[in-house]
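Please open the model in a viewer and keep the selection panel at hand. The tour below proceeds stop by stop, stating what to select and what is found there.

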Amino acid sequence: MDSEELKQDQGASMLDRITQLVNETLALEKRIDAPFLSKEQVLLAIDRGRSEGGSVGRHWVLDPIDGTRGFVRGDQYAVALGLLDQGEVVVGVLGCPNLPTNLIGPEALVSPTESSIGCLFAARKGAGTTVKSIDGSIQPQKISVRNLEDPSLANFCESYESAHSMQNVTAEIAKILGVVSPPLRIDSQAKYGAMARGDAAIYLRFPHPGYREKIWDHAAGCIIIKEAGGLVLDAAGNPLDFSKGRYLDIASGIISTNPQLMPALLAAVQAALQKEHHHGERVHL
């Protein structure tokens, strides 16, 4: 992300609008020393987002609208912010404006319509994960992933859009594990927040071949799950490596669950991927 298009003649009106919105937002702080930014300062701030990341130094990782299609539909999306320190995610914040404050999975006690809307998840290395309501009506509460040992009692969350994940693979994994609950399909990293508080026991993501995962799609969510007591691995059982730059070069997919269920989940994932591989070879032939 950089400011090159905003510096062109055709970007002038957009730059004016962005500068106005930035200064209106700063004014909301009602601080005497609140700065007023010029267009040049706004351009400079945008260009600070050109970092390639990596294993040296500190880098903020921001996805301002994670789950664009969900946002357009008026459904789930997230504002996701993570902090990398020497290639490790040490802080994560997820703002989920459309996520009910009560559980929405099989453990839910009330319907989403009876719940207030808007959740803010936060995690810091070694300090656990909390959730609060965005409007401040519910103060921060410590949360943890579901404590299950029987995979047949689990449920899983996955991408809402089939274009974002191979749902045939996730269905096969569920079948192998004996999962009978229907999948909880949610756009964006709101899935990570939902799972961290117990809406689902398993997270599955298997992008179609050729897709490269980006760090801003997982950094905040990953630490939110880990600090809630869960594990986030690739399909081969390796931890996600955020130290390589803007992309996560992973094996096949991303999975998450609690430590008790992870061995069974990994075995099911390997079996399902092997079956998909053989099926793909037959189709090709």
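Begin by selecting Asp 187, which lies in the loop between strand 8 and helix 5; helices (H or I, at least four residues) and strands (E, at least two) are DSSP runs, numbered from the N terminus. The model is a predicted one, in which local features need pLDDT of at least 70 and side-chain atom pairs count only at pLDDT 80 or more, while totals for chains, interfaces and linings use all residues. Residues are numbered from 1 along each chain as its sequence is written, and side-chain values use heavy atoms, with hydrogens and water left out.

**The loop before helix 5**

Asp 187 has a relative accessible area of 3% and is therefore buried (buried means under 20% relative accessible area, exposed over 50%, partly exposed in between, with a 1.4 Å probe and protein chains only). Next, display the surroundings of Asp 187: with neighbours within four places in sequence left aside, Asp 187 is in contact with Gly 70, Arg 73, Asp 75, Gln 76, Tyr 160 and Glu 161. Contact here means heavy atoms within 4.5 Å.

Move to Ser 188, found in the loop between strand 8 (184-185) and helix 5. Ser 188 is not a glycine, yet its phi is positive, at about 75°. Most residues other than glycine have a negative phi. Ser 188 counts as buried because its relative accessibility is 11%.

**Two salt bridges**

Two of the contacts of Asp 187, Arg 73 and Asp 75, form a salt bridge with each other, the closest N and O atoms being 3.7 Å apart. A salt bridge is a side-chain nitrogen of Lys or Arg within 4 Å of a carboxyl oxygen of Asp or Glu. Arg 73 is partly exposed at 35% relative accessibility, and Asp 75 is partly exposed at 26%.

Now select Arg 185 and Glu 158, whose side chains meet in a salt bridge (2.7 Å, N to O). This pair links distant parts of the chain, with Arg 185 in strand 8 and Glu 158 in strand 7 (residues 156-158), 27 residues apart. Is each partner buried or partly exposed? Arg 185 counts as partly exposed, at 38% relative accessibility, whereas Glu 158 counts as buried, at 0%.

**Helix 2 and its network**

Select helix 2 (residues 39-47), where Val 42, Leu 43, Ile 46 and Asp 47 are buried. These residues cover an arc of only 135° around the axis, so they are on the same side of helix 2; the arc is that of the directions from the helix axis to the C-beta atoms. Glu 40 and Leu 44, on the other side of helix 2, are exposed. To see part of the cover over the buried residues of helix 2, add helix 1 (12-27).

Keep Asp 47 selected and add Arg 50: their side chains meet in a salt bridge (4.0 Å, N to O). Asp 47 is buried, with a relative accessible area of 13%, and Arg 50 is partly exposed at 43%. Adding Glu 4 and Lys 7 completes the view, as Glu 4, Lys 7, Asp 47 and Arg 50 are linked in a network of salt bridges. The structure holds 15 salt bridges.

**The nonpolar cores**

Which residues have the most contacts inside the largest nonpolar core? They are Leu 94, Cys 96, Phe 121, Tyr 192, Val 232, Leu 240 and Phe 242, in a core of 37 residues. Helix 6 supplies the largest share of this core, six residues. A nonpolar core is a set of buried Ala, Val, Leu, Ile, Met, Phe, Trp, Tyr and Cys residues joined through side-chain atoms within 4.5 Å.

Select Cys 96: leaving aside neighbours within four places in sequence, its contacts include Tyr 77, Gly 118, Phe 121 and Ile 134.

**Final stops**

Select Gln 86 in the loop between strand 2 and strand 3. Gln 86 has a positive phi, near 55°, in a residue other than glycine, and is partly exposed, with a relative accessible area of 48%.

Then go to helix 4 (residues 167-177), where the buried residues include Val 169, Ile 173 and Leu 177. Gly 178 follows helix 4 and has a positive phi, near 80°.

Finish at Phe 71 in helix 3 (residues 68-73), which counts as partly exposed at 39% relative accessibility.
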